[in-house]
Number of protein chains: 2
Amino acid sequence: MLDLSLPGDALTAELVDVPSVSGDEARLADLVETALRRYPTLNVERDGNVVLARTSLDRGQRVALAGHLDTVPIAANVPSRRDGDRLHGCGTSDMKSGVAVQLRVAHLVGSGALDPRVDLSWVFYDCEEVEAARNGLGRIARTRPSALAADLAIVLEGTSGLVEGGCQGTLRAVVTVRGERAHSARSWLGANAIHAAAPVLARLAAYEPRTVDVDGLTYREGLNAVGIAGGVAGNIVPDECTVSVNFRFAPDRSEADAAAHVREVLGDWSMEITDSAPAARPGLDAPLPQAFAAAVGGTPQPKYGWTDVARFAQLGIPALNFGPGDPNLAHKPEEYVEVARIAEAEAALVRFLGGG
Amino acid sequence: MLDLSLPGDALTAELVDVPSVSGDEARLADLVETALRRYPTLNVERDGNVVLARTSLDRGQRVALAGHLDTVPIAANVPSRRDGDRLHGCGTSDMKSGVAVQLRVAHLVGSGALDPRVDLSWVFYDCEEVEAARNGLGRIARTRPSALAADLAIVLEGTSGLVEGGCQGTLRAVVTVRGERAHSARSWLGANAIHAAAPVLARLAAYEPRTVDVDGLTYREGLNAVGIAGGVAGNIVPDECTVSVNFRFAPDRSEADAAAHVREVLGDWSMEITDSAPAARPGLDAPLPQAFAAAVGGTPQPKYGWTDVARFAQLGIPALNFGPGDPNLAHKPEEYVEVARIAEAEAALVRFLGGG
């Protein structure tokens with residue numbers, strides 16, 4: 001039984017102590033569902049291992065608070081361990097401290113301690129840490145997008161308490177350089193495809209990524225080789241070398257624009273685009289996100305990395321990341337969260353929701 | 001039962017029709033041994049799957065005829081198939097046609113039809129097509145080098161009937177380029193090791209290999225990337241890229257000279273030499289090889305590729321390749337031999353051995 005009246009740090013520890021590796025979230029989803037059903041003003045629904053809750057206060061505007069319940073595999077770091085100002089354990093930063101903040105807001109609203117100026121929705125979902133096809137938020141976006149409808153979505157992924165708006169898009173492509181195979185003892189009869197990849201790598205090394213303002217945030221792009229392979233045997237001049245590249249692009253580019261750009265940079269060689277995912281505009285120039293950013297304080301930052309905010313952006317909902325975890329500690333055995341960040345995140349949300 | 005009085009092309013077909021993939025040469029070695037033992041003037045020995053034979057005619061000089069019994073794996077190309085001027089099948093070029101010529105010379109000498117001006121030794125060995133440690137000729141060179149003693153060794157590997165002298169040396173090295181790992185969404189925090197490999201590949205692409213005369217033959221060298229690998233995952237700026245290179249060097253360089261040269265070319269990066277094998281000088285300036293070259297006619301060529309002649313050269317024995325097979329067809333499913341080359345090779349040896 002989860003007690004949502006506990007302080008956020010204690011609640012985080014409770015959540016960490018219930019293992020919920022991707023695919024195995026049922027028990028934690030049960031506990032979250034049961035805890036939320038204790039508040040009569042919240043309308044709670046269960047959909048697979050996704051738990052949805054919402055207020056119906058006719059506020060005219062709605063803010064969604066989203067977070068995933070699953071973690072990467074446990075690395076001898078459960079149960080949680082408190083050490084001074086830090087709480088150690090699997091999921092402390094990514095992102096059970098964020099889930100604790102979601103639940104704390106539900107408790108404050110559900111118990112009447114906080115009268116929010118907007119309606120609220122909560123989404124607790126499964127399978128964020130595995131292949132995109134299994135992502136619980138993605139499933140709800142496909143099967144019942146109206147359950148996610150909101151004027152602003154806040155994904156409580158770790159940002160160390162900063163507001164991070166939108167997200168980069170990502171595109172992968174494979175450049176194939178061809179040559180002519182020959183025995184390495186008679187190399188002049190062939191054409192070395194690995195040697196021929198030199199200008200591809202030089203082009204990438206010389207590439208100057210763009211820095212661009214979108215909706216008031218400054219995004220940096222990057223075009224990188226993330227893999228290279230070539231070679232047949234130790235005595236063969238190889239006839240093929242492949243370079244895999246990853247383009248991270250700012251939200252002012254569509255996927256099609258991004259593909260055209262990569263084709264322009266690497267179009268001298270044979271290239272195939274293997275996958276892409278769109279960027280999300282931060283939308284921080286709208287009044288509601290601006291009010292939230294003001295409540296948090298500090299300067300909103302662009303999100304570097306593709307995150308589930310893009311799933312809201314694809315539904316036309318401005319979305320940002322804001323959570324107590326430290327993104328640099330995600331997926332590491334030594335993962336921890338600074339406990340002060342948890343209360344700070346809760347306080348910022350209370351300021352935002354109580355204001356106006 | 002092998003009948004060595006058959007013409008060389010028919011004998012080649014008989015040899016091809018006895019499968020002898022590396023490691024599985026016992027049956028063919030048995031047949032060769034039994035056939036040779038029928039000639040009382042030949043002293044025949046069996047050592048594992050190596051068959052040795054020799055004359056004892058007190059000629060003062062000795063020529064060794066060497067060939068391997070094994071083939072690469074069969075590719076639906078056994079039994080042999082005659083098609084006009086060509087005999088198709090696994091080992092036709094590499095090198096059962098050469099073995100047939102060895103056996104034909106043994107028949108002519110053993111039956112008294114040819115009175116050779118030098119003593120002769122024959123070496124039929126196993127496991128040439130697999131890792132060097134299993135090579136039957138190498139084993140004999142280590143365990144009883146006196147069995148290989150000669151003034152000239154002729155290895156009947158396919159040369160399309162040309163005399164090819166000596167062989168290149170070969171050296172392998174791995175160049176490691178390092179960077180700093182980062183998430184590809186924040187690539188400016190890292191240093192891309194694949195991008196940093198661009199100048200390594202450019203250096204190799206710009207390398208101008210030497211052409212050099214050794215003992216009257218012109219050798220071409222080559223320095224090639226034969227493998228490249230790098231990459232951690234599709235979203236990671238990689239911190240390491242390795243380039244495997246193969247240097248084929250002329251016989252005027254020792255292994256140490258070759259290593260120093262590669263270090264000079266690629267010394268700007270971390271490099272490890274992983275293996276090397278010495279070159280063999282052609283030795284074609286000595287009288288016996290010159291007489292052989294004259295008997296064959298045409299212009300001797302350098303051997304491009306490391307071959308078992310180097311095993312003789314390491315024992316101080318001048319060695320050359322001369323065989324009826326076509327080296328460009330070796331290891332190919334469509335392997336064949338031009339049957340005319342088989343009789344021509346036998347005739348050249350008879351001219352050489354009968355002369356003087």
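Two residues are in contact when heavy atoms of theirs lie within 4.5 Å. By that rule, 41 residues of chain B touch 41 residues of chain A in this predicted model. The briefing covers how the two chains are related, what their interface holds, and how some strands pair.

**How the chains are related**

- Two copies of a chain are related by a rotation about an axis and a shift along it.
- Here, chain B is laid on chain A by a turn of 179° and a shift of 0.5 Å along the axis. The RMSD of that fit is 0.4 Å.
- This is the relation of a two-fold axis.
- Of the interface residues of chain B, 100% are also interface residues in chain A, so the copies meet through the same surface.

**What the interface buries**

- Chain B and chain A bury about 3000 Å² between them. Carbon and sulfur atoms give 58% of that area.
- Three residues stand out on the side of chain B: B:Trp188, B:His195 and B:Ile228. They supply 21% of the area that chain B buries against chain A, more than any other three residues.

**Contacts across the interface**

- The count of residue pairs in polar contact between chain B and chain A is 18. Both residues of each pair are at pLDDT 80 or more.
- The rule finds zero salt bridges across this interface.

**Which parts of chain B take part**

- Two helices of chain B each give two or more residues to the side that touches chain A: H5 (193-196) and H6 (198-206).
- Strands S13 (222-230), S14 (236-237) and S15 (240-249) of chain B do so too.
- S13(B) gives the most, with nine residues.
- The residues on this side of chain B divide into 21 nonpolar, 15 polar and five charged.

**Strands that pair between the chains**

- Strand S13 of chain A, residues 222-230, is joined to S13(B) by three bridges. The two strands run antiparallel.
- A:Ile228 stands opposite B:Gly230 in S13(B).

**A sheet within chain A**

- Chain A has an open sheet of eight strands with mixed pairing. The order is S1-S2-S6-S3-S7-S18-S8-S17.
- Its edge strands are S1 (43-47) and S17 (301-302) of chain A. Each pairs on one side only.
- Strand S2 of chain A (residues 50-54) pairs with strand S6 of chain A (residues 119-125) over four bridges. Their pairing is in the antiparallel sense.
- A:Arg54 stands opposite A:Ser121 in S6(A).

Notes
Residues numbered from 1 in each chain as written. Chains lettered and ligands numbered in written order. Predicted model: local features only at pLDDT ≥ 70, side-chain atom pairs only at ≥ 80, totals over all residues. Heavy atoms only, no water. Least-squares fit on C-alpha atoms with pLDDT ≥ 70 in both. Buried area = accessible area lost by both parts, 1.4 Å probe. Salt bridge = Lys/Arg side-chain N within 4 Å of Asp/Glu carboxyl O. Polar contact = N/O pair within 3.5 Å; in protein donor to acceptor, adjacent residues only side chain to side chain. Nonpolar A, V, L, I, M, F, W, Y, C, P; charged D, E, K, R; others polar. Pairing = 2+ DSSP bridges.
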